[in-house]
Amino acid sequence: MKKLVFATNNAHKLEEIRQIIGDKFEILSLTDIGCNDDIPETAPNIEGNALMKARYVKEHYGLDCFSDDTGLEIDALDGRPGVHSARYGGVAHDSERNIDRVLSELADVPAAERTARFRTAIVLLQGDDVHTFEGKVEGHILTERHGTGGFGYDSIFCPVEGDGRTFAQMSGEEKNAISHRGRATAQLVAYLLA
Ligand code: IMP
């Protein structure tokens with residue numbers, strides 16, 4: 001079976017993709033290939049970061065690879081937190097601080113101007129080919145948290161295609177069906193299986 005590295009150690013993301021294409025490709029995590037490095041993510045946008053991570057694996061391990069990167073773009077904040085979404089509150093992956101900062105920066109912004117989107121870029125390096133896939137979901141930022149599911153900014157993000165619930169109030173399946181990452185992943189899978 002062809003091997004393909006997913007440049008992540010996120011168990012949830014790995015499980016998801018293995019469920020979809022695990023019988024066609026052997027999906028390896030960073031741990032699986034013995035990579036414990038802190039791979040640099042210093043590009044100015046999510047596409048650049050995804051490419052950096054995938055290139056790192058290709059160069060150091062010589063394996064075909066894909067990588068993803070996601071950002072929340074809030075229009076009233078000129079697209080921030082964007083590529084800085086993971087550490088917007090000052091501490092990496094501290095979602096509560098990230099949300100607190102967003103809510104305080106939007107404190108005086110009226111409902112109609114709280115538009116935002118999640119965007120995911122996936123970069124696939126296969127042989128000498130580079131392919132980029134993008135998924136996005138439009139929505140708006142609430143004034144307080146709603147729901148306890150999901151992760152990251154889910155409790156303050158209400159997708160336009162939904163029924164008024166935040167991502168944190170939806171089941172995983174409901175969220176994946178319309179989410180940025182779900183859409184980018186669907187494109188990657190369609191390409192790999194074509
Ligand atoms: P990553 O590139 O997937 O690591 O995402 C970067 C950051 O964006 C995460 O640390 C979260 O704060 C946020 N994020 C990514 N995906 C989601 C999502 O599906 N819901 C809410 N927040 C997310």
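This is a short dialogue on how to read some features of a predicted model.

Trainee: Where do I start? What elements does the chain have?

Mentor: Start with the helices and strands. The chain holds five helices and seven strands. Read from the N terminus, the order is β-α-β-α-β-β-α-β-β-β-α-α.

Trainee: How does the radius of gyration of the chain compare with the globule rule?

Mentor: The radius of gyration is 17 Å, close to the 16 Å that the rule gives for 194 residues, so the chain is as compact as a globular protein of that length. Along the principal axes, the C-alpha atoms fill a box of roughly 50 × 30 × 25 Å.

Trainee: Next, empty space. How is it found, and what volume does the largest pocket have?

Mentor: The general idea is simple. Rolling a probe the size of a water molecule over the atoms shows where empty space is left. Here the largest pocket has a volume of about 1,100 Å³. Its lining counts 37 residues, and those closest to the centre are Glu 41, Lys 53, Asp 69, Ala 86 and His 93.

Trainee: Which elements supply at least two residues each to that lining?

Mentor: Look at α2 (46-61), β3 (65-74), α3 (95-105) and α5 (180-193). The largest share is from β3, with five residues.

Trainee: How many residues of each class are in the lining of the largest pocket?

Mentor: Sort the lining by class. There are 12 nonpolar, 14 polar and 11 charged residues.

Trainee: And the second largest pocket? Which residues line it?

Mentor: First, its volume: about 200 Å³. Its lining is made up of His 12, Glu 15, Glu 16, Gln 19, Ile 20, Gly 172, Glu 173, Asn 176, Gly 182, Thr 185 and Ala 186. Two or more residues come from each of α1 (11-21), α4 (172-178) and α5. The largest share, five residues, belongs to α1. By class, that lining has two nonpolar, six polar and three charged residues.

Trainee: Now enclosed space. How many cavities of 30 Å³ or more does the whole structure have?

Mentor: A cavity differs from a pocket in that the probe fits but cannot get out, whereas a pocket is open. The search finds one cavity of 30 Å³ or more. The largest cavity holds about 80 Å³ of space. Around this cavity lie Phe 6, Lys 13, Glu 16, Ile 17, Phe 66, Asp 68, Ile 122, Arg 181, Thr 185 and Leu 188. Elements giving two or more of these residues are α1, β3 and α5. The lining splits into five nonpolar, one polar and four charged residues.

Trainee: Helices α1 and α5 keep coming up. At what angle do their axes cross?

Mentor: For a helix pair, read the distance, the angle and the hand. The axes of α1 and α5 come within 11 Å and cross at roughly 35°. This crossing is right-handed. On the α1 side, the contact uses Lys 13, Glu 16, Ile 17, Ile 20 and Ile 21. On the α5 side are Arg 181, Thr 185, Leu 188, Val 189, Leu 192 and Leu 193.

Trainee: How do the residues of that contact divide by class?

Mentor: Seven are nonpolar, one is polar and three are charged.

Trainee: Last, the backbone. What should I expect, and which residues does a cis peptide bond join here?

Mentor: Most residues other than glycine have a negative phi, and most peptide bonds are trans. In this chain, a cis peptide bond joins Arg 80 and Pro 81, with omega about 0°. Pro 81 belongs to strand β4 (residues 81-82).

Trainee: What is phi of Asp 78, and where is this residue?

Mentor: Phi of Asp 78 is near 55°, a positive value in a residue other than glycine. Asp 78 sits in the loop between β3 and β4.

Note on methods: Residues numbered from 1 in each chain as written. Predicted model: local features only at pLDDT ≥ 70, side-chain atom pairs only at ≥ 80, totals over all residues. Heavy atoms only, no water. 1 Å grid on protein atoms, 1.4 Å probe; cavity = no way out; pocket = protein on both sides within 12 Å on 5 of 7 lines; lining within 4 Å. Points joined across faces, edges and corners; volume = space filled by probe spheres on them. Helix = DSSP H or I, 4+ residues; strand = E, 2+ residues; numbered from the N terminus. Nonpolar A, V, L, I, M, F, W, Y, C, P; charged D, E, K, R; others polar. Axes fitted to C-alpha atoms, helices over the stretch in contact; angles between N-to-C directions. Left-handed = near helix turned anticlockwise from the far one by under 90°. Contact = heavy atoms within 4.5 Å. Rg over C-alpha atoms; globule rule 2.2 N^0.38 Å.
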